[in-house]
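Please look at the structure shown here. A student and a tutor will talk it through.

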Amino acid sequence: MFLIVLILIWCAVFALWWFVKPRHPSPPVYPGALPIIGHAHRMLGSELLVTDLDDCLTVANTCLEKPYLYDFGKPLYDRGLVTANALTWKPHRKLLNPAFSQQILNTFVQEYSEQARCLVTELATEAGKDPFDVVPYLLKNVIRSLYKTVIGVKPSDNEQEMTLKTYAHATDSFFGLLEDRLQSAWLHLPVIFNMSYLKKKQDAIVKTLKNITETIIMKRKSERKQNVYADSIKEVTSGYKSLLDLLLDVGEKEVFTDEEIREHLDTIIGAAYDSTTRAMTVCLILIGTYPNVQARILEELQEVFDDPDRDLTRHDLPKLVYLEAVLKETLRLYPSAPRVGRYSESTVKLSKQSAMMSMKTTLAYILRRYRVTGDIRNVQSKCDLILKSVIGHKISLQLRT
Ligand code: HEM
C-alpha cells in the first residue's frame, strides 16, 4: 500500500514538474502527438525506424536499395541518384563524385558570394520595417546560385528569370503530389494512382520540367560544339565548370545518355533547392530567437572580416567555425529532409559539403549587414518531403551601424 502511494506521489510530482519545467523557446508541437509515444503511431507500416545518428550513418553507408516509395519520383528523376536502384546508383555515383570534389566546390564560392551580395541588397527594402516572410528571398537566391553552378548560366534576362520561376513552381507542385501519394495508402497501388486525377496533374508537371531541362541541355550541347563557354574566359581559366558541363564531358565518352544527364540535373536541383532554403530559414529564425548566439556569430565574423564589406572567399569559410556549428545544430534539431528510407542495404555526404558552403556564405553576408530578430515559438512545421514551416517564417531586420 505504502509503495503504491509512493508511486502515485512520484507520478504527481513528475507530472507537475513536466508542466512547469523551464523550456527553451521551441515551436508548437505538430498536431496529432499522443502522450509519451508522441507521433510514433504515425509510423505504423514502417518496418524499422532508426533515429540514432550512428545507426543512420551505418544504414546510409551500407543500405543502397530503396523501398518502393522512391518509385513515385521515377517519372521525373528515374536514374537520378535519389531514386536510382542500387545497380544504377553505384556506377553513376562513382562517375558523379568528381563533380562534387572539394576542388570543384571551391570554384562555386565566388558565385555563392555574388548571389549573397544581391540578396543582401534586395533585403534592404525590408530593413527597419515589420516582420516579413524571408522564404521567397531565399528561394530566389538558392535557385539563382544553382542555375549558375549546376547549369552554368547566369540568369541575366527576364525570360530566364521566368523560366527559373516556372521551374521552381513546378518542382514544388511535383513534391506536393509525391507527398499526397505517400500519405494515401490506396494511391500507392499504381493501378489506382494511374486512374486518379493526380496522375494527369503529375504528367503535366513532369512534361513542363522535362521540357525546360531538355532545352537547356540541347542549347549547351550546341554551344559546346561551337566552343562557347558559359560566361567568361576568367571562369574557364579559374577551373570553374558547371555540373552540366561535367556531365556532358562524361556523356561524350558515351557513358551517360542525354536522358540520364537530364535525370541527374533535375535530381540535383530538386534535392538542393528546397532543403537549403528551409535550413537557412529556420537557422535565421533561431539566430533571431537567441541574441547571445547572434552576438557570438558577429564576433566571429568581425574576427574574420577586417572590412565588413569585403567579398567572402573560399579561404574564409573554414574560419567560420561557430557559424557552421550553429547550422549543424539547426539541421540536427530541424532536419530539412527528415526521412530517408532504405531496405537493409547512399551516403548523404555528397550534398553535405556543397550545402554547408552555400549556406555559410549566404548567412555570413546577411549577418554582417543586418541584426536579425525572430521567434521560433511562432513556427508551425509541416512534414512534407521537406520539413517546412507553413506559417511563422517571419523575421525582421535592422541595419547594423
Ligand atoms: C541543408 C541542405 C540539405 C539537406 C538537409 C540534404 C539532405 C539530404 C538527404 C537526407 C539525402 C538522402 C535522401 C534519400 O536518400 O532519401 C540527400 C541526398 C542527396 N542530396 Fe541533399 N541535402 C541538402 C542539400 C543538397 C544540395 C545543396 C545538393 C546539391 C548541390 C544536394 C544533392 C543531393 C543528392 C544528389 C542526393 C542523392 C545522393 C545519393 O544518393 O548519392 N543536397 N540530401
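The questions below go from packed helices to cores and then to a sheet.

Student: What kind of model is this, and how are residues numbered?

Tutor: Residues are numbered from 1 along each chain as its sequence is written. Local features need pLDDT of at least 70, side-chain atom pairs count only at pLDDT 80 or more, and totals for chains, interfaces and linings use all residues, as this is a predicted model.

Student: At what angle do H7 and H9 pack?

Tutor: Helices (H or I, at least four residues) and strands (E, at least two) are DSSP runs, numbered from the N terminus. Axes are lines fitted to C-alpha atoms, for helices over the stretch in contact, and angles run from 0 to 180 degrees between N-to-C directions. H7 spans residues 158-183 and H9 spans residues 197-225. Their axes lie 9 Å apart, and the angle is about 145 degrees.

Student: How do the residues of the contact of H7 with H9 divide?

Tutor: Residues are in contact if their C-beta atoms, placed from the backbone, lie within 7 Å. H7 contributes residues including Tyr 167 and Phe 174, and H9 contributes residues including Ile 205 and Leu 209. Ala, Val, Leu, Ile, Met, Phe, Trp, Tyr, Cys and Pro count as nonpolar, Asp, Glu, Lys and Arg as charged, and the others, Gly among them, as polar. The division is 8 nonpolar, 6 polar and 3 charged.

Student: How far apart are the axes of H9 and H12?

Tutor: These two helices pack at an angle of about 115 degrees. Leu 209 and Ile 217 of H9 are among the contact residues, as are Ile 261 and Leu 265 of H12. That contact divides into 4 nonpolar, 1 polar and 5 charged residues. The axes are 10 Å apart.

Student: Which helix gives the largest share of the largest nonpolar core?

Tutor: A nonpolar core is a set of buried Ala, Val, Leu, Ile, Met, Phe, Trp, Tyr and Cys residues joined through C-beta atoms within 7 Å. The largest has 63 residues, and Leu 146, Val 150 and Ala 364 are among those with the most contacts inside it. Its largest share is 15 residues, and they come from H12 (residues 258-289).

Student: How many residues does the other core have?

Tutor: This core lies apart from the largest one. Leu 76, Tyr 167, Phe 174 and Ile 205 are among its members. Its size is 7 residues.

Student: Is Leu 301 buried or exposed?

Tutor: Leu 301 is found in H13 (residues 291-304). A residue is buried if 20 or more other C-beta atoms lie within 10 Å of its own, exposed if 12 or fewer, and partly exposed in between. Leu 301 has 21 such neighbours, so it counts as buried.

Student: Which residues does Leu 301 contact, leaving aside neighbours within four places in sequence?

Tutor: Ala 364 touches Leu 301, as well as Leu 312, Leu 320 and Leu 323. The full set for Leu 301 is Ala 364, Leu 367 and Arg 368.

Student: What is the strand order in the open sheet?

Tutor: Two strands pair if DSSP finds at least two bridges between them. E1 (132-133) and E2 (370-373) are the edge strands, each pairing on one side only. E1 pairs with E5 (residues 394-399) over 2 bridges, and 4 bridges join E2 to E5. The pairing is antiparallel, and the order is E1-E5-E2.

Student: Which residues form the covered face of E2?

Tutor: H12 lies across E2 and E5, at about 90 degrees to E2. The uncovered face of E2 has Arg 371 and Thr 373. The covered face has Tyr 370 and Val 372.

Key: Contact = placed C-beta atoms within 7 Å.
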